[in-house]
Amino acid sequence: MKRTCATCGKNAYPSQDRAISVALRCSRQRGTALRVYHCPQHEAWHLTSRATWHDPTPPPPPVAEPGYRRPMAALLAERRTVSEQELITAAAGGANPRQISTIVTDTLNTWCRWGLVYPDGQTIIAVDVPALRNIAARGWTAWTREQSTDDAEAAPSPNSR
């Protein structure tokens with residue numbers, strides 16, 4: 001049964017764990033990263049699509065040199081919980097220093113949509129550690145290509161009726 005917050009009218013979740021599981025499921029379905037926050041008026045948790053890290057709005061999008069995602073993925077897979085600043089430091093070796101913050105934000109938003117990580121304030125939580133290890137070892141392009149192949153194999157063929 002859905003509970004609604006009497007003050008703000010949003011869906012209310014009784015625990016942070018429950019809100020996180022709903023946020024992850026909805027993020028995958030909608031393709032929009034969601035996070036949870038504690039209701040300031042009640043003992044409940046709500047979902048929002050507003051990121052706690054910087055909103056990515058730089059035109060044109062920055063172009064990073066190869067090699068910034070692997071260190072980020074390796075750090076998350078190893079430590080499970082890291083600060084955004086630690087990810088910026090890990091990625092700095094492979095990206096333009098002027099653009100690194102935006103690049104990390106874009107990467108985290110993408111990884112959120114894939115259900116790999118979850119933001120909690122300025123802390124980033126690894127959700128799918130095996131996938132992050134795979135990205136660290138083989139790279140983002142190889143991992144996404146593998147996921148696309150897995151999705152194509154799972155889909156029924158048009159002639160299989």
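# A tour from the β6–β7 hairpin to the α2–α5 contact

Select Gly121 to begin: this residue takes a positive phi near 70° in the hairpin of β6 and β7, which has 2 residues between the strands. The model is predicted.

Now extend the selection to both strands of the hairpin. Strand β6 covers residues 117–120 and strand β7 covers residues 123–126; the two run antiparallel and are joined by 4 bridges. Pick Asp120 and look across to β7, where Thr123 stands opposite.

Next, zoom out to the whole chain. The protein holds 6 helices and 7 strands, and along the sequence these follow the pattern β-β-α-β-β-α-β-α-α-β-β-α-α. Colouring by accessibility would mark 39% of the 161 residues as buried. Of the contacts with a separation of 6 or more, 59% are between residues 24 or more positions apart.

Select two helices next, α2 (residues 69–79) and α5 (residues 129–138). Two packed helices are described by the angle and the distance between their axes. Here the axes come within 8 Å and cross at roughly 145°, and the crossing of α2 past α5 is left-handed.

Which residues of α2 and α5 meet? Show side chains for Arg70, Ala73, Ala74, Leu76 and Ala77 on the α2 side. On the α5 side, show Val129, Leu132, Arg133, Ile135, Ala136, Ala137 and Arg138. By class, the residues of this contact divide into 9 nonpolar, 3 charged and no polar.

Keep Arg138 selected and add Glu146. Arg138 is part of the contact with α2 and also forms a salt bridge with Glu146, with the closest N and O atoms 2.8 Å apart. Are these two residues buried, partly exposed or exposed? Arg138 has a relative accessible area of 41%, so this residue counts as partly exposed. Glu146 is also partly exposed, because its relative accessible area is 28%.

How many salt bridges does a search of the whole structure find? The search finds 2. For the one not yet visited, select Arg79 and Glu86, whose side chains meet with an N to O distance of 2.7 Å. Side chains of opposite charge can pair when their charged atoms come close. Arg79 lies in the residue range of α2. At 40% relative accessibility Arg79 counts as partly exposed, and Glu86, at 28%, is likewise partly exposed.

For a last view, display α2 and α5 together with both salt bridges: Arg138 with Glu146, and Arg79 with Glu86.

Notes: Residues are numbered from 1 along each chain as its sequence is written. This is a predicted model: local features need pLDDT of at least 70, side-chain atom pairs count only at pLDDT 80 or more; totals for chains, interfaces and linings use all residues. Side-chain values use heavy atoms; hydrogens and water are left out. Axes are lines fitted to C-alpha atoms, for helices over the stretch in contact, and angles run from 0 to 180 degrees between N-to-C directions. A crossing is left-handed if the near helix is turned anticlockwise from the far one by less than a right angle, and right-handed if clockwise. Contact means heavy atoms within 4.5 Å. Ala, Val, Leu, Ile, Met, Phe, Trp, Tyr, Cys and Pro count as nonpolar, Asp, Glu, Lys and Arg as charged, and the others, Gly among them, as polar. A salt bridge is a side-chain nitrogen of Lys or Arg within 4 Å of a carboxyl oxygen of Asp or Glu. Buried means under 20% relative accessible area, exposed over 50%, partly exposed in between (1.4 Å probe, protein chains only). Two strands pair if DSSP finds at least two bridges between them.
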